[in-house]
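User: Could you take a close look at the packing inside this one for me? I'd like the interior and the bits of sheet that go with it, in one connected story.

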Amino acid sequence: MKPTSFLADIIHAYEKYRSGSGRKSGSYIKNIVLFDHYCTSHYPDAAVLSQDMVDSWCARRPTETGNSCISRIYPVISLIRYMRDRQLTDVVPPPVPRATRRAYIPHAFSCDELKGFFHACDTIKPRKGILSKLQRLELPVIFRLLYSTGMRTTEAIVLRCRDVDMSSGVISIKAGKGYGEHYVVMHDTMLDLMRVYDACMENLLPGRDYMFPTCDDKPHSPVWITYHFKVLWKRCSDTRATPYELRHNYAVENINSWQNVGFGLHDKLLALSRSMGHRDIRSTMGYYSLTPVVAESMGTTETMDESIIPDL
């Protein structure tokens with residue numbers, strides 16, 4: 001969709017501004033263009049933005065929750081702030097609805113489920129073509145990376161080769177949530193696997209930019225990792241799970257391992273928080289509410305890492 005109202009030039013400039021700032025704009029621009037089309041249909045003769053246009057669009061709809069309303073209107077509010085900073089409008093951004101807390105509990109992976117899932121990753125049926133070769137190389141490694149480091153899926157798919165130190169095992173994440181930067185240290189077994197993977201990928205796509213690239217050396221979309229996780233997960237379980245829950249599992253497994261640490265608990269929690277890219281340690285504290293529930297269903301996991309990440 002393309003903007004059609006008097007806002008078209010401003011929207012194009014705003015999109016360039018976000019792109020120049022290194023921000024992803026897909027969902028933002030989509031919602032802004034929907035607002036643009038609303039202005040075209042409801043205010044066909046308008047030449048400037050008015051308070052009534054914004055207030056009527058941003059009003060919460062009967063079918064919306066607070067969270068869905070926020071997702072729809074926040075990009076428009078961001079556009080208004082951009083325009084106000086440049087003295088392009090006097091419209092006042094409306095208040096953002098209060099977010100509602102979600103009662104969703106992430107899936108608690110069992111050891112057998114994880115073993116089955118990674119076995120499915122390692123036994124992808126071979127097909128011809130470079131796309132098939134990339135999938136068979138990338139999928140077993142990227143999912144193990146998510147499992148063993150707690151990285152966000154969006155961080156893993158845009159990871160560049162230059163941000164992974166294959167000597168020290170330190171990953172510099174520069175495209176984290178909220179544009180925050182942080183570091184992750186790989187376990188020795190994961191580092192060994194990454195070295196083998198990197199050498200294989202170098203033979204397939206010499207001089208590539210991205211660690212997990214498409215055929216033309218571009219980052220995969222979030223849909224790519226969600227789709228393949230769903231396909232592989234169905235081969236080992238009938239339950240519902242998402243790739244992001246590997247991150248939850250990483251946090252819960254760490255917290256479950258902290259027994260009798262005394263005053264060292266704060267240091268461990270702070271280290272986990274920084275490793276996961278949380279700006280506020282309270283975000284990490286939220287996993288404590290999951291730990292008792294998950295621990296009961298997990299059982300012992302002392303040997304889980306050795307069975308899932310191959311000993312090379």
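Analyst: Let's count a disulfide as a pair of cysteine sulfur atoms within 2.5 Å. On that basis, a search of the whole structure, which is a predicted model, turns up zero disulfides. Take C58: the nearest cysteine sulfur belongs to C69 and sits 7.4 Å away, so with a cut-off of 2.5 Å C58 is in no disulfide. C58 is buried, at 8% relative accessible area, while C215 is partly exposed at 37%.

Now for the interior itself. The largest nonpolar core is built from 43 residues, and F143, M151, I171, M194 and M211 are the ones with the most contacts inside it. Several elements each put in at least two residues, including helix 5 (111-122), helix 8 (188-204), helix 9 (222-234) and strand 1 (170-173). Helix 6 gives the most, with eight residues. Apart from this core there's another one, of 24 residues, with L7, I10, C39 and M83 among them.

I171 is a good spot to zoom in on. Leaving aside neighbours within four places in sequence, I171 is in contact with L145, M151, L159, D163 and V164, and also with H182, Y183, V184 and M186.

That brings us to the strands. Strand 1 and strand 2 pair in the antiparallel sense over four bridges, with S172 standing opposite Y183 of strand 2. Along strand 2 (residues 182-185) the side chains alternate: H182 and V184 point to one face and are buried, whereas Y183 and V185 point to the other and are not.

Technical notes. Residues are numbered from 1 along each chain as its sequence is written. This is a predicted model: local features need pLDDT of at least 70, side-chain atom pairs count only at pLDDT 80 or more; totals for chains, interfaces and linings use all residues. Side-chain values use heavy atoms; hydrogens and water are left out. A nonpolar core is a set of buried Ala, Val, Leu, Ile, Met, Phe, Trp, Tyr and Cys residues joined through side-chain atoms within 4.5 Å. Buried means under 20% relative accessible area, exposed over 50%, partly exposed in between (1.4 Å probe, protein chains only). Contact means heavy atoms within 4.5 Å. Two strands pair if DSSP finds at least two bridges between them.
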